[in-house]
Amino acid sequence: MLAGKTALVTGSTSGIGLAVARALAKAGAKVMLNGSRPAADAEALRAELAAEAGGEVGYTAANLADPASARGLVEATIAAFGSVDILINNAGIQHVAAVDAFPDETWDQLLAINVSAVFHTTKAALPSMKERGWGRIVNIASAHGIVASPFKAPYTASKHAVVGFSKAVALEVAEQGITCNALCPGYVRTPLIEKQVVDQAVVHNLPEERVIREVILAAQPTKQFVEADEVAAFAVFLCSDAARSITGSVQLIDGGWTAR
Ligand code: NAD
């Protein structure tokens, strides 16, 4: 479905980003991986995905908290594959704390990775998409791009920003064959969430199974995690030609969370 297309997936050495990268490679795209994993580990992952899909897969380490590195990641993808047709802005971090106890440097770091990097990679990738008259940008936001949770104010602010940014970019490039959408998952079991399960089990003095059902998935009516593969399949669809009229949209895959 995506043969001949090139894709950059930020934060794709783990969790949702890895599942999206794997699905894009299987759909025929050349894929550039990125993340903050040690190089040897990342190389093994790159080789695994390439063998699985029988296509080209690259890896570029880049710290997205740094604007020059974020731009450099797009440049490296263009140097390797000739273009960036698909940009999946996925890298993100979370930190759970009350606003009045939230460390200033963590706020800066969270906004740099979750929001500013999305601006820098999009800015750097758009000329390549405009040149070819085709592009797909999928920004992995969150149900927290629509609703809020206490102790997650910076994360909530960052994901609301990504939703707004996605809509505005979509309007700017609507006549140029480029779509831009925000994809908003509910809780997906990834390393980002595993850490919260462990932390909350200590805070609430509950076994992990009860933390998952009563704390983590309290807001998710299905009482089941969304699987990373489900998010990946949705992202691949948004990158297809069949989704060419879906732009500026906020797509939920949240087990019913935001229906309340
Ligand atoms: P994860 O922790 O499993 O993976 C995060 C990825 O981002 C990793 O590859 C990591 O290396 C990379 N990364 C982190 N900081 C980076 C940096 N400075 N530079 C480059 N790469 C960096 O997380 P995940 O749960 O897969 O989350 C992926 C995205 O999905 C995030 O934007 C997150 O906010 C969003 N999301 C997650 C959930 C969930 O329940 N897991 C729900 C909604 C939205």
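In the predicted model, the second largest pocket holds about 520 Å³ of space. Of the 22 residues that line this second largest pocket, those closest to its centre are V96, F151, K152, Q196 and Q200. Helix α6 (191–204) provides the largest share of the lining of the second largest pocket, namely seven residues. When the lining of the second largest pocket is divided by class, 13 residues are nonpolar, six are polar and three are charged.

The largest pocket contains about 780 Å³ of space, and the elements that give two or more residues to its lining are α1, β2, α4 (104–132), α5 and α6. In total, 37 residues line the largest pocket, and N90, A91, G92, I93 and L192 are the ones that lie nearest its centre. Here, too, the largest share of the lining comes from α6, which contributes four residues to the largest pocket. By class, the lining of the largest pocket is made up of 16 nonpolar, 18 polar and three charged residues.

The space taken by the ligand is this largest pocket. The ligand is surrounded by 31 residues, the closest of which are S14, N90, Y155, V188 and T190; N90 is thus named among the closest residues of the ligand and also among those nearest the centre of the largest pocket. At least two residues of the shell around the ligand are supplied by each of α1 (15–26), β2 (30–35), α5 (153–172) and α6 (191–204), and α6 gives the most to this shell, with three residues. The shell comprises 16 nonpolar and 14 polar residues, together with one charged residue.

Polar contacts to the ligand involve both backbone and side-chain atoms of the protein, as the following pairs show. An oxygen atom of the ligand is placed 2.6 Å from a polar side-chain atom of Y155, a residue that is also listed among the closest to the ligand. On the backbone side, a polar atom of L64 lies 2.9 Å from a nitrogen atom of the ligand, while a polar backbone atom of G11 is found 3.1 Å from an oxygen atom of the ligand. Of the 830 Å² of accessible area that the ligand has on its own, 92% is covered by the protein.

Key:
Residues numbered from 1 in each chain as written. Predicted model: local features only at pLDDT ≥ 70, side-chain atom pairs only at ≥ 80, totals over all residues. Heavy atoms only, no water. Near = heavy atom within 4 Å. Polar contact = N/O pair within 3.5 Å; in protein donor to acceptor, adjacent residues only side chain to side chain. Areas by Shrake-Rupley, 256 points an atom, 1.4 Å probe, with all protein chains shown as cover. 1 Å grid on protein atoms, 1.4 Å probe; cavity = no way out; pocket = protein on both sides within 12 Å on 5 of 7 lines; lining within 4 Å. Sits in = over half its atoms within 2 Å of the grid points. Nonpolar A, V, L, I, M, F, W, Y, C, P; charged D, E, K, R; others polar. Points joined across faces, edges and corners; volume = space filled by probe spheres on them.
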